[in-house]
Amino acid sequence: MGQVLTTASVPDRDKLAFWHDALGRALVPMTVVPLGDGPFAGRIAAGRVGHLRVCDINADAQRVTRTTEPSSRTPEGFIGFSVPKSGTTTLVQDGRTVTAAPGDLLVYDTTRPYSLECPAPFSARVVHIPRTLLRLSEREIGLVTGTVVDATEGLGAAVVSLLTTLVTPEQPYSREIAGRLAAGVAHLFATLVAERAQQAEAEPAPQRDRMLLRICDHIERHLDDPSLSPETVAKAQHISVRYLHRLFEGEDTTVARHIQRRRLEQCARELSRGDEAVPTVAAVAQRWGFISPAHFSRAFRGVYGVPPRDWRDARLVVR
């Protein structure tokens, strides 16, 4: 039997905390930010169909965000599918931003950071499938998450029809039938994902290039921030660190090396001005995000062959 979790009988001051806990129990832990005024209202009808987690959600405008990696208690994670019944939902994951209308199908991965925003009161059917049931590679999963599937024809239409008819939180099935239905759903979803992966692989370069340009622009604007790192870059772009590293695999460098190289280039440029008013080497290093003078000196010498002070003094002599 399904379980109903509702804010209806909860005191106004406790409604948001109750909703935060309810979503975590029914699906996965997430941070909730209400987008409307007044006391928050929401209702979840949650249940299981075999290994599938199934929820009908009716709630006020909100944004939910998941930023943590899976814990040791849930190592496999889930692939999430959401079908809006009313209102719109915007999904952000892996640098992609898509908006689904009623009847569309959103796909996301709970093991990587994502956010779902509903700007107005909404209702949706949400299904979480254990990743292990889908038997998909990480590359296939990474290509299709953060997307919206056209449900007007083909496999998309079949999946949405199945989700909105046979798969329900009430689970009016025996244990054996529920298990068979869950396996059938997982197989159909895997087929859909494989099809979407083939379509995405046909034109992967433009999207990857746009993503890299956005990431590099973010790095350029934050080179002076000592806390700049692969983790902070990934968080700012709403992607996982793992996906960020994968994007840089074709660049013959790593994210950390790219950040260090650009910082060193800025330091070398500033120290090359040939102006006696140039700040000290330590000040230049600190300005471009280097905390340790010793680390900066070693890194600079490794790239330019001389200590940063000698580099600066040589430019002053040339002048």
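**A buried serine, a nonpolar core and a one-sided helix**

Ser 82 is tucked away in this predicted model: with a relative accessible area of just 6%, it falls under the 20% cut-off and so counts as buried. The residue sits in strand β6. Setting aside residues up to four places away in sequence, Ser 82 touches Asp 104, Leu 105, Leu 106 and Tyr 108, and also Ala 124, Arg 125 and Val 126.

One of those partners, Leu 105, is worth a look of its own. In the largest nonpolar core, which has 30 residues, Leu 105 and Ile 129 are the two that touch the most other members. Several elements chip in at least two residues each: the strands β4 (52-59), β6 (78-86), β9 (105-109) and β11 (122-130), plus the helices α3 (138-144), α4 (154-165) and α5 (175-202). Helix α5 gives the largest share, with nine residues. As for Leu 105 itself, once its neighbours within four places in sequence are left out, its contacts include Phe 81, Ser 82 and Val 83. Thr 147, Val 148 and Val 149 are in contact with Leu 105 too, as are Val 159, Val 160, Leu 163 and Leu 192.

Zooming out, the protein has twelve helices and twelve strands. Of its 319 residues, 45% count as buried. Contacts in the protein reach well along the chain: taking those between residues at least 6 apart in sequence, 71% join residues at least 24 apart. The exposed surface of the protein comes to about 16,000 Å², and 53% of that is supplied by carbon and sulfur atoms.

Helix α11 makes a neat case for a closer look. This helix runs over residues 293-304, twelve residues in total, and at 1.5 Å a residue it should span 16 Å; the C-alpha atoms at its ends are 16 Å apart, so the expected and modelled values agree. Phe 296, Ala 299 and Phe 300 are the buried residues mentioned for α11. These three cover an arc of only 100° around the axis, which means that they lie on the same side of α11. The general rule behind such a pattern is that an α-helix has 3.6 residues a turn, so residues three or four places apart point the same way. On the face of α11 turned away from the buried side, Arg 298 and Gly 302 are exposed. After α11 comes Gly 305, with a positive phi near 85°.

Definitions and conventions:
Residues are numbered from 1 along each chain as its sequence is written. This is a predicted model: local features need pLDDT of at least 70, side-chain atom pairs count only at pLDDT 80 or more; totals for chains, interfaces and linings use all residues. Side-chain values use heavy atoms; hydrogens and water are left out. A nonpolar core is a set of buried Ala, Val, Leu, Ile, Met, Phe, Trp, Tyr and Cys residues joined through side-chain atoms within 4.5 Å. Buried means under 20% relative accessible area, exposed over 50%, partly exposed in between (1.4 Å probe, protein chains only). Helices (H or I, at least four residues) and strands (E, at least two) are DSSP runs, numbered from the N terminus. Contact means heavy atoms within 4.5 Å. Accessible areas come from the Shrake-Rupley method with a 1.4 Å probe; for residues, only the protein chains shown count as cover. The expected span of a helix is 1.5 Å times one less than its number of residues. The arc is that of the directions from the helix axis to the C-beta atoms.
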